[in-house]
Amino acid sequence: MSTPESIVLMAAYNASMNQKLYAAAAQLPHAELVADRKAFFGSILGTLNHLLAGDSIWLRRFATHPAGFSALAPLLELPMPSGLTQSFGNDLPSLLAHRQRLDAIITQWAPQVSAADLAHTFEYQSMKGDRYRKHFGSVVLHFFNHQTHHRGQASTLLSQAGVDIGVTDLLVMVPEIEA
């Protein structure tokens, strides 16, 4: 179940893991980053790019929520990505710049989400034009789960290329409770 506190936790986890992922990727030469590794999105760079496309699409949708999240307002000025493979650049620095911008927006947005916002029935349209009505809290869970899923793929690709990203468990960020 989504709670405002879990959204803030996931936003912090997202930003932290993306920093680790990009730092690990920076250890490889460009040729290794774009090499076809037979992954869903081909290469390490292709996988990182897909995360940017997916996040951009979902955040643009979230910006239409009746709560009018002010942190998401800048996204409404940008065109909706044309698809899940839209290019945000052909090199790691280009992707990193966009990633850092999105992570800052996500981190600013998370504390704006209330329990009432999460309980809202959210309407959106898929890239194919299909219309959906779903519980906003569940859609937000999908948003963060999608990031974790593809970061896992990227960390596997990095590992196969000889780069260890380190610990990626969410549990590391879950605070201890005083006895």
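**A pocket shared by two antiparallel helices**

Helix 3 and helix 6 each contribute at least two residues to the lining of the largest pocket. This pocket belongs to a predicted model, and its volume comes to about 200 Å³. A handy way to picture how such a space is found is to roll a probe the size of a water molecule over the atoms, which shows where empty space is left.

The residues that line the largest pocket are His 50, Gly 54, Ile 57, Trp 58, Arg 61, Leu 84, Tyr 124, Ser 126, Met 127, Tyr 132, His 142 and His 146. Helix 3 gives the most to this lining, with 5 residues. Sorted by class, the lining holds 6 nonpolar, 5 polar and 1 charged residues. For a reader following along in the structure, His 50, His 142 and His 146 are among the lining residues, as are Tyr 124 and Tyr 132.

The two helices also pack against each other. Helix 3 covers residues 44-62 and helix 6 covers residues 136-160; their axes lie 9 Å apart and make an angle of about 170 degrees. Helix 3 and helix 6 are therefore roughly antiparallel to each other, since an angle over 145 degrees counts as such. The residues of the contact between helix 3 and helix 6 comprise 13 nonpolar, 8 polar and 2 charged.

Stepping back to the whole protein chain, the model contains 6 helices and 2 strands. Along the sequence, these elements follow the pattern α-α-α-α-α-β-β-α. The radius of gyration of the protein chain is 17 Å, close to the 16 Å that the globule rule gives for 179 residues, so the chain is as compact as a globular protein of that length. The C-alpha trace spans about 50 × 45 × 25 Å along its principal axes. Of the 179 residues, 44% count as buried.

Several individual positions are worth a visit in the viewer. Two of them sit in the loop between helix 2 and helix 3, namely Ala 35 and Lys 38; helix 2 itself covers residues 30-34. Lys 38 has a positive phi of about 60 degrees although it is not a glycine. As background, most residues other than glycine have a negative phi. Lys 38 counts as exposed because its relative accessibility is 71%, and the cut-off for that class is over 50%. Ala 35, in contrast, is partly exposed, with a relative accessible area of 26%. The C-alpha atoms of Ala 35 and Gly 46 are separated by 9.4 Å, with the two positions 11 residues apart in chain numbering.

Ser 82 is found in the loop between helix 3 and helix 4, the latter formed by residues 92-109. With a relative accessible area of 66%, Ser 82 is exposed. From C-alpha to C-alpha, Ser 82 and Glu 123 are 19 Å apart in space, while in sequence they are 41 residues apart.

Gln 160 belongs to helix 6, and it is the residue with which the range 136-160 of that helix ends. At 56% relative accessibility, Gln 160 counts as exposed. Gln 160 and Ala 25 are 135 residues apart along the chain, and their C-alpha atoms are separated by 12 Å.

Terms used
Residues numbered from 1 in each chain as written. Predicted model: local features only at pLDDT ≥ 70, side-chain atom pairs only at ≥ 80, totals over all residues. Heavy atoms only, no water. Axes fitted to C-alpha atoms, helices over the stretch in contact; angles between N-to-C directions. Helix = DSSP H or I, 4+ residues; strand = E, 2+ residues; numbered from the N terminus. Parallel < 35°, antiparallel > 145°, perpendicular 65-115°, else oblique. Nonpolar A, V, L, I, M, F, W, Y, C, P; charged D, E, K, R; others polar. 1 Å grid on protein atoms, 1.4 Å probe; cavity = no way out; pocket = protein on both sides within 12 Å on 5 of 7 lines; lining within 4 Å. Points joined across faces, edges and corners; volume = space filled by probe spheres on them. Rg over C-alpha atoms; globule rule 2.2 N^0.38 Å. Buried < 20%, exposed > 50% of the residue type's maximum accessible area, 1.4 Å probe, protein only.
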